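Let's take a walk through this fold together, moving from one pair of strands out to the whole chain. Keep the viewer open as you read.

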Amino acid sequence: MTIQGSRRSASLIRRAAVIGSGVMGAGIAAHLANAGMRVLLLDVVPQALTAEEEKQGLTLADARVRNRLAAAAVGRMGKAQPAQLYDPAWTARIMPGNLADHAAELGEADWIVEAVVERLDVKREVFAAVDAHRRPDTIVTTNTSGLSAASMAEGRSESFRRHFAVTHFFNPPRYMKLVEIVPTADTAPEVVSLLREACEKRLGKGVVIAKDTPNFIANRIGTFGMLVTLEDTLGYGLTVEEADALTGPAMGRPKTATFRMLDLVGLDTLLHVVDNVRERSENPGERAVFARPAVLERLVAGGRTGEKAGAGFYRKI
Ligand code: NAD
């Protein structure tokens, strides 16, 4: 696939790589595989054995080969799929692995989606590795919730910058229709068109082209509402169960209306999102609204980061 001089079509995206196999990366990988792409799903190399692995007599090399993070993510997706909506062959198209061991294979990908933790420093490091291994025509996108796209691409090759944009999927990626596409000043217009076509025609999404502002559009509005809800609800002495019951199907919204939704998103990710707007906003009123809610800090400090940890606002998920 080349951008300049030829008419590229989204149907030519055959191989994808997703870096980060957490809540979003695993879901995005499943969605791409379901659309017929072969997907390399990469995460960090485990640095130590878990107690369970030690009990089983495994070595660190075994753990690295198995890549428990990616394997667990694929397992979770397998259980969660509404099978009737999906191509049953999709799991076979996902190859989980460690980023360090498989970086060279990034050169085979037509589209690389980054979905690692919401930290600019970590993402920039991942993009340096991607830039070293991608083909000159590989499209690279980030699933950031709202970090600066321009800052993520800073220092990368010209070819990387022309082929780089945000594709912000929402949670869970298989159900949520919206994808925000955020180009930078350097993104080639053909890349934006191709991503729009891929998201709309191959992934069945609705696309909004957003500007590179803190948290783009949907998360800015959504997070603002969430912060107000959080403080008010708990301040009035409602329990999280009562709040979800009142704001869920009774109001024509899903069961996962409020607190269950925050657990699905991940409370640590939410703190990163809140920090991002507060640190980048030039508006003092906005900075005050995007203060870190104490309850979120307390839960995250206690390891209760939401569904991925088995507990968040709800004790057992
Ligand atoms: P997560 O914490 O569930 O997963 C992050 C994964 O990245 C982990 O598996 C971690 O091991 C891996 N990782 C960390 N550093 C890495 C590295 N250097 N190389 C490879 N892998 C690495 O987070 P998530 O909720 O999946 O969020 C991922 C991205 O998607 C973030 O940018 C987040 O803001 C964004 N996002 C999240 C949601 C949501 O609802 N959770 C929605 C939209 C966008």
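In which sense do strand β2 and β3 pair, and over how many bridges? Strand β2, residues 38-43, runs parallel to β3, and the two share five bridges. Strands pair here if DSSP finds at least two bridges between them. One place to look is Leu40, whose bridge partner in β3 is Met95.

Before going further, note that this is a predicted model: local features need pLDDT of at least 70, side-chain atom pairs count only at pLDDT 80 or more, and totals for chains, interfaces and linings use all residues. Residues are numbered from 1 along each chain as its sequence is written.

Now zoom out to the sheet. It is open, has eight strands with mixed pairing, and follows the order β3-β2-β1-β4-β5-β6-β7-β8. At its edges are β3 (94-98) and β8 (206-209), each pairing on one side only. From one strand to the next, the twist averages 25°.

Helix α6 (residues 120-133) packs on this sheet, touching β1 (15-19), β4 (111-114) and β5 (139-142). The direction of α6 makes about 160° with that of β4; axes are lines fitted to C-alpha atoms, for helices over the stretch in contact, and angles run from 0 to 180 degrees between N-to-C directions. Contact means C-beta atoms, placed from the backbone, within 7 Å.

Overall, the chain has 15 helices and eight strands, taken as DSSP runs numbered from the N terminus (helices: H or I, at least four residues; strands: E, at least two). Among contacts with a separation of 6 or more, 69% join residues 24 or more positions apart.

Key: Contact = placed C-beta atoms within 7 Å.
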